Structures are given as C-alpha cells and as structure tokens.
2 protein chains.
Amino acid sequence: MSHACRGFRFGAVSAGIKSSDALDLALLECDRTASAAAIFTRNRVKAAPVVLSRARLARAGGRARALVVNSGNANACTGRAGMRDAEHTTTLAAAALGLEPEQVLVASTGVIGHRLPMDRVEAGVPRAAAALRASGFDDFAAAILTTDKRAKVARRTVQLGHSRVTMLGCTKGAGMIAPNMATTLTFVVTDARVPPARLAPALHHAAAGTFNAISVDGDTSTNDMLLVLAGGAAGNGPLRGRASVRFQEALTDLLDELAHALMRDGEGVHHVVTIRVRGARTETTARQVARRVANSPLVKTAIAGGDPNWGRVLCAAGNAGVPLTAERLDLFFDRVQLVSRGVAVTDDRVEAQAAAVMAQPSYEIVLDLNRGSAEARYLACDLSHEYVSINADYRT
Amino acid sequence: MSHACRGFRFGAVSAGIKSSDALDLALLECDRTASAAAIFTRNRVKAAPVVLSRARLARAGGRARALVVNSGNANACTGRAGMRDAEHTTTLAAAALGLEPEQVLVASTGVIGHRLPMDRVEAGVPRAAAALRASGFDDFAAAILTTDKRAKVARRTVQLGHSRVTMLGCTKGAGMIAPNMATTLTFVVTDARVPPARLAPALHHAAAGTFNAISVDGDTSTNDMLLVLAGGAAGNGPLRGRASVRFQEALTDLLDELAHALMRDGEGVHHVVTIRVRGARTETTARQVARRVANSPLVKTAIAGGDPNWGRVLCAAGNAGVPLTAERLDLFFDRVQLVSRGVAVTDDRVEAQAAAVMAQPSYEIVLDLNRGSAEARYLACDLSHEYVSINADYRT
C-alpha cells in the first residue's frame, strides 16, 4: 500500500547529483498554504539551505507551500555562491509549480564543500514537478537518503473530533554516523488543520524526547532539519482538549518511531539502548546526565562488546557536570541491578544476567540519582568496528 | 643511568594485586616534609584514595611526607569499606616509615568495584618500604602502570640562582583509552624549595596547557591524580624573578613531555594531533572549540584514516557552543590551507598535500576563528579499530 496524505503530492527523480543513478531530487507540494514548523541544526556552521529555509519560515510566520530536497550534495561551506544556488533551486521549483520562491523551502544533504551541479538541478526540478502524485511519498522518502540502508517511513492516523487525520513522516541519516557529515533530515506532512502558533510548540514538545534525545556520536551537522507541514485538508475543528492531546501524542509517537528507525539504520549499529536517568532534581539535569552517558565512547564500546562494564556508566555520569552523590547511585541494565547506593553488587551470576540483557538489540540502562523525581531519557547506540571503518576509511 | 632526586627514595614490589607478577605496589618518601600540590579528577564519582588524599592535603595546608600507590585495583565504587581500606593502606605505610598516617597520601588505579585485597597490601607495604632507595624511581614508574605499553618518565634540571634543581616525573594511562577505566596518574618530585602557596599555582599553570588539554575520549576517570612534591633539598633561595620563570617553564615543559608520552602510549593511538584554535575573543572560548574538535569521534576517525575530511573539523567547531562566524573560518593542516573564510579551497593537489600531512605521527590542525587574538590548543588522537577492540572486547 502506498502512503498518502490528503492535499499533498510528492515527486522524485534521479537528477545525477549523486554519482549513482539513485533518486536524488524530490519535491513535495501542498494544495494550499500549509502551516509549517521546523527545527534546524544548532551548529554554528549552517548550510545555505538551512539559512534560507529558516529565514523564509520566519518571514512567512510559519507557512509554506512546497519543499525541494536534494541528496548527494549538502551545499555547505560554499559561501555566497552556495546561497545563490539554494535560492535558485527554490526559484526553479516555484516556477515549475506556479508559486512564489518565498513559498518554497529547501533542504540538502550529502558531501560538503562542493557547489551544487546547478545544470542538473535545472534539468531535474521540472521533471520532479511532472512526477508529483498523491502516492509518491515512498519515492520522496527514498530520494532523501544518502548512505542509509533503507527508507524510513512512518504513518499515524488519529481521530480529532469528527475528522480522521493522517500523519506521514520520513527520515534519513543516523545523526552523523554515516560518512562525510551525513545529516538528519526528517519531514512530516499531515492533513490536520493546525495554526502555525500551535504547530511549533507541538513539534518542539514532540522532538524533546525523540529527535532531540538521540545520539550517534554527539555531533549535529551543518544541514539538520526537522520540518512538519500541516495542510488542513482533514477539516478538523480547533485543537482543544482531548483533540489537542491526541494530536500531540500521535506526533510524538510518529517521531519516536522515526528516531528509533534512524538509530537502528545507522551503519555499524547493532544495539539501540535507552539511557534512562531518573531521580534527578530537574529534567534538565536528568537529560544532561543521560546525554553524557549516551555520548561516552567507553559506554558505547561496552554496548558494542556486550560487556556489562557498569563502571563506565557511573564514570560518564560523574563527568556530566551535574551535582550528584556517588553514594546514592543505583544502576540497572533492564531489571538487573548492578550498583546499589554507589557500591557494586555484581557477582558472576549478576554479570551473566547483565550480559544477557546486553545481547538484545535494544534494552534500557537505568541510572537512578536518588535526589529527586525528575527523569529523562536518551537513545544511544554502539560504537563498533564498522563505525570506525565507515568513518575512517570512507574516502580512501 | 638511573634517575634520582635529592631527598627522595622510591620502592616498589609485586604484591599480587595484579594477576600477573608485575610490580603493583609502590612507595615514595621524602626525607622531610615536602610541599605538595595536586590536581584531582573532577568526576563526581571519586574513588576512595582521591577523597582521602584530597582531604589530607587540604588539612595539612599542602604538605606531605610520603605516597603509597597501587595498580591493579582502583578502590572505586567500594563504599565505606573502600574508604577504610584506603585509610588502612596509609596506616600501613606510615607504620613502615615511622610517620603519621596523615602525612601519607594514597593513589590507586585498576579495576573498579572490587575491594582491595588487603591481605596482600598488608604483606606488600613493609616489603616496599624495605626496598626504598634513591635510585628506585624507574621501579616506582613501572609499578603504577596498568595496560600502558611502557613506563613514561621525564626529567628536567634547572638552575635557580646558585642551586641546580632536579625534577623527576612519571605518568601512566592514556586518559581513559586503556580498558576498564584506566586512570591518569602523574607524579612529579623535585628537590626545589618551593612553599606550598607557590607550588599550587605553578602546578595549575603548568597543567592548563598540558594535562588539562589532552583528550583521548573526553572522559576523566574516578581516580585521576596529578601530584607534585617539592622536598627542598636543593636549598635554592626564594622563587623570585627569573628563578620563578625558570621553575615554571621547567615544570610546564616536563608535564608537556609526559602528556605527549601519555598520548603516544595509548593503545590504538597512531597519531597525536595538536588542535590549535586561534583568533578567538578569549582563551576560554578558544579552548572550548579546541576541546570539542579534539573530542569529536568523526574528527578522530578521520585522523585514524588519514582522511583530510576538513568538513568534520568545521562541524565540530560549530557544535562547541561558542559564537563563531562560519564565513570567517580559516583551516590549515600544518601549513596546508583547506578552508578560507568558510569556503573550501580544496582541489586534488591540496587534498594530496593534506593527506601527506595526516600520514605523519604528529601534526597540527589549525582553526582560525578570525574574531580576536586569543588562542588555545588541545592534544587529540585517533579513534581506531584498536580502540574499539580494546574497549569493546576487553572483558569478553
């Protein structure tokens, strides 16, 4: 079954931006002006499409009609010429769709430091526009991939009053695990009617525990973008009360599925581990500790090796820059307790149980600070030989 | 030639704390009360010997007579029993040397979460005391090792007025590169006469650009300790003017040599790279950017692969949380310029030159922010297959 979302059409072509003949140029159009909310990379080095799309979204007060995406070239570190290329790409899309360039957003992913091959973009955009169709989402999701092993698509439907609402999402790139600065691009379309002022907070809330809580190697790229477009064709009433809760839950749930798929698809990833820090004074400190543990190379190599080396978890937590009392720490791998009040409770039997937990493709590492009642989680993955091979040997 | 430093004696034995018959228990004694300054791990999870030694140094106003060190067991995450074990170890050393326990400091390194085998410590300490001799520094330096490939010793002499002063230092453990939370222990003895109030700032100044600016994987362990003891047997006059500068330079230079040796000795380390960030508004921001680049797994895998993937350096810098302007960034690998004002200047010839730079065992990555005149440097190393093997497969 092909995916669809009322009011949206999708098209993709192979424009020759990638060296292979894979799909590498995609268009997405809404039949009316959609509410739009986005989260962009916080990296201080931002690619041209990020700078341009962010400015346009701000000027339009969170509204857009279309999106053009290319893979194979990030258009980053390309200076003013790169900014002109990004603008020209949207002008080409606008012309093909009968829109104004200001209504079109743009995203790119791929190698950085190289100019976009604009002749190929010029030839490709009209063809992508000609390919637009309601059932084109899978092609769209395929065209944004770089070194991903497979397309990652998720779908949710939710009843909002009398209206059945659809959300379709796709994502690419496992953080920066893939070679050469692979970017996380995530796009969600929904036929829900949501004003821009409601869509932005819903996106930020949904991202907090999902895309903003995943870590492959702790870096964000020059091109990261998470965009939600709400067209409104479902004709639902105002998002109030239970409808508002349901919309939020569905969006969070959709992003959670995509975030997990993103992690699992990372090359060299065999384990996706939820780092849950609880008993913190505040959610902020809980998140800070969880992030530190999730990013620790020593924890990540232990995950890769299936080694219940609990000391590394405590050590990473102790490096988080957050007040904690070693004598209060409890540590569990799923339900296997390894540390009680800062003291190891391991013996051969416990270690064997913990090793069995770590053999699973996904499990939880739970660290209780026993200082309060706030908690947060972060998704971590293993740091494996494949990671090093992919990232050390990529261009050689 | 064996190393010596007037007023100090050193002894080491194999006490059976390690499973091998390698040296694992060491003593160091000064013939008088020495000035003592130390830098301890900032990890919130501190091993018992760190807690005990820090408290004793503070109570004594920066003075000590002796140090007992064991390898093979970190005495970390061992609760109150571990603290009693650390105290008892110093009591044993004090009894063997005719001192008060308060005059004795203690350090440990090795596996964490296991009690010290106190029967072996009890048998070993008197034997180590019996082995004390002026020429025992090399044995001492060997006894503190864990998975290090070789002992790392450095020596400086410096003329202070009419007195020739000696400094002897040794170090172990490459950050946390070695398996199971390997600790950085560094000990320096000198016969210089330096009051405690002068020794502490000299140590902190010397460490800022050396041991506090190295990164193997960004974590500090539960047991890290850097200790300087100044006995005063050289009888030099007050440290003023040129003598003060010379002492500072010699101490910094000694720590720099030890820090480089530490990095080079890390298992899986083939390249030690100086990350130099210049043109910053403040030294603090320069250091923050340099640290972020040095800790980036993507930069470190690029170093391992010899891949001039300059985009990763810019990307890591952009993630440092420091204001910077992408359009002002210049990037060099040694003298090969790869980025000019934020734009790639690479072609095949430049890439080949950069690859040649990266084939060297040590080189510089220079990032100019072009925003000010402050600079800082950080030492980085590669993230290699051996790193993953050592840390993923250690206990399996």
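Let's start with one residue: Ala233(A) has a relative accessible area of 25%, so Ala233(A) counts as partly exposed. On that scale, buried means under 20% relative accessible area, exposed means over 50%, and partly exposed is in between, using a 1.4 Å probe and protein chains only.

Before going on, some ground rules: this is a predicted model, where local features need pLDDT of at least 70 and side-chain atom pairs count only at pLDDT 80 or more, while totals for chains, interfaces and linings use all residues. Residues are numbered from 1 along each chain as its sequence is written, chains are lettered from A and ligands numbered from 1 in the order in which they are written, and side-chain values use heavy atoms, leaving out hydrogens and water.

**Around Ala233(A)**

Where does Ala233(A) lie? Look in the loop between β8 (225–230) and α6 (241–265) of chain A. Helices (H or I, at least four residues) and strands (E, at least two) are DSSP runs, numbered from the N terminus. Setting aside neighbours within four places in sequence, Ala233(A) touches Arg6(A), Gly7(A), Arg32(A) and Asp191(A); contact here means heavy atoms within 4.5 Å. Take Gly7(A): 226 residues separate Gly7(A) from Ala233(A) along the chain, yet their C-alpha atoms are 5.9 Å apart.

**The sheet in chain A**

Chain A has an open sheet of 6 strands with mixed pairing, in the order β12-β11-β10-β13-β9-β14. Two strands pair if DSSP finds at least two bridges between them. At the edges sit β12 (343–344) and β14 (374–381) of chain A, each pairing on one side only. Strands β10 (residues 330–333) and β11 (residues 336–340) of chain A run antiparallel and are joined by 3 bridges. One of the matched residues is Phe333(A), whose bridge partner in β11(A) is Val336(A).

Helices lie against this sheet too. α6(A) lies across β9 (272–280) and β14 of chain A, at about 35° to β14(A). Helix α10 (residues 348–358) of chain A packs on the sheet as well, touching β10, β11 and β13 (362–368) of chain A, and its direction makes about 120° with that of β11(A). For angles like these, axes are lines fitted to C-alpha atoms (for helices, over the stretch in contact), and the angles run from 0 to 180 degrees between N-to-C directions.

**Two helices side by side**

Two packed helices are described by the angle between their axes and the distance between the axes. In chain A, the axes of helix α8 (residues 297–305) and helix α9 (residues 310–318) come within 9 Å and cross at roughly 155°. That is why α8(A) and α9(A) are called roughly antiparallel: under 35 degrees counts as roughly parallel, over 145 as roughly antiparallel, 65 to 115 as roughly perpendicular, and the rest as oblique. Leu298(A), Val299(A), Thr301(A) and Ala302(A) of α8(A) make the contact with Arg312(A), Val313(A) and Ala316(A) of α9(A).

Over in chain B, how many of the 9 residues of helix α8 are buried? The count is 7, so helix α8 (residues 297–305) of chain B is mostly covered. Its buried residues include Pro297(B), Leu298(B) and Lys300(B). Right after α8(B) comes Gly306(B), which has a positive phi, near 65°.

**The sheet in chain B**

Chain B has an open sheet of 6 strands with mixed pairing, ordered β12-β11-β10-β13-β9-β14. Strand β9(B) is mostly covered, with 7 of its 9 residues buried. β9 (residues 272–280) of chain B runs parallel to β13 (residues 362–368) of chain B, with 7 bridges joining them. β9(B) and β14(B) run antiparallel, also joined by 7 bridges. Here are some facing residues:

| Residue in β9(B) | Opposite residue and strand |
|---|---|
| Val273(B) | Tyr363(B) in β13(B) |
| Arg276(B) | Val366(B) in β13(B) |
| Thr274(B) | Leu379(B) in β14(B) |

**Rings that meet**

The whole structure holds 10 aromatic pairs over all chains. Rings of Phe, Tyr and Trp (its six-membered ring) pair if their centres lie within 6.5 Å; planes under 30 degrees apart count as stacked, over 60 as edge-to-face and the rest as tilted. Phe10(B) and Phe137(B) make an edge-to-face pair, 5.0 Å centre to centre with 75° between the planes. This pair links strand β1 (residues 8–13) and helix α4 (residues 137–143) of chain B, its members lying 127 residues apart. Phe10(B) is buried at 0% relative accessibility, and Phe137(B) is buried at 1%. In chain A, ring pairs link Phe8(A), Phe10(A), Phe137(A), Phe140(A) and Phe187(A) into a cluster.
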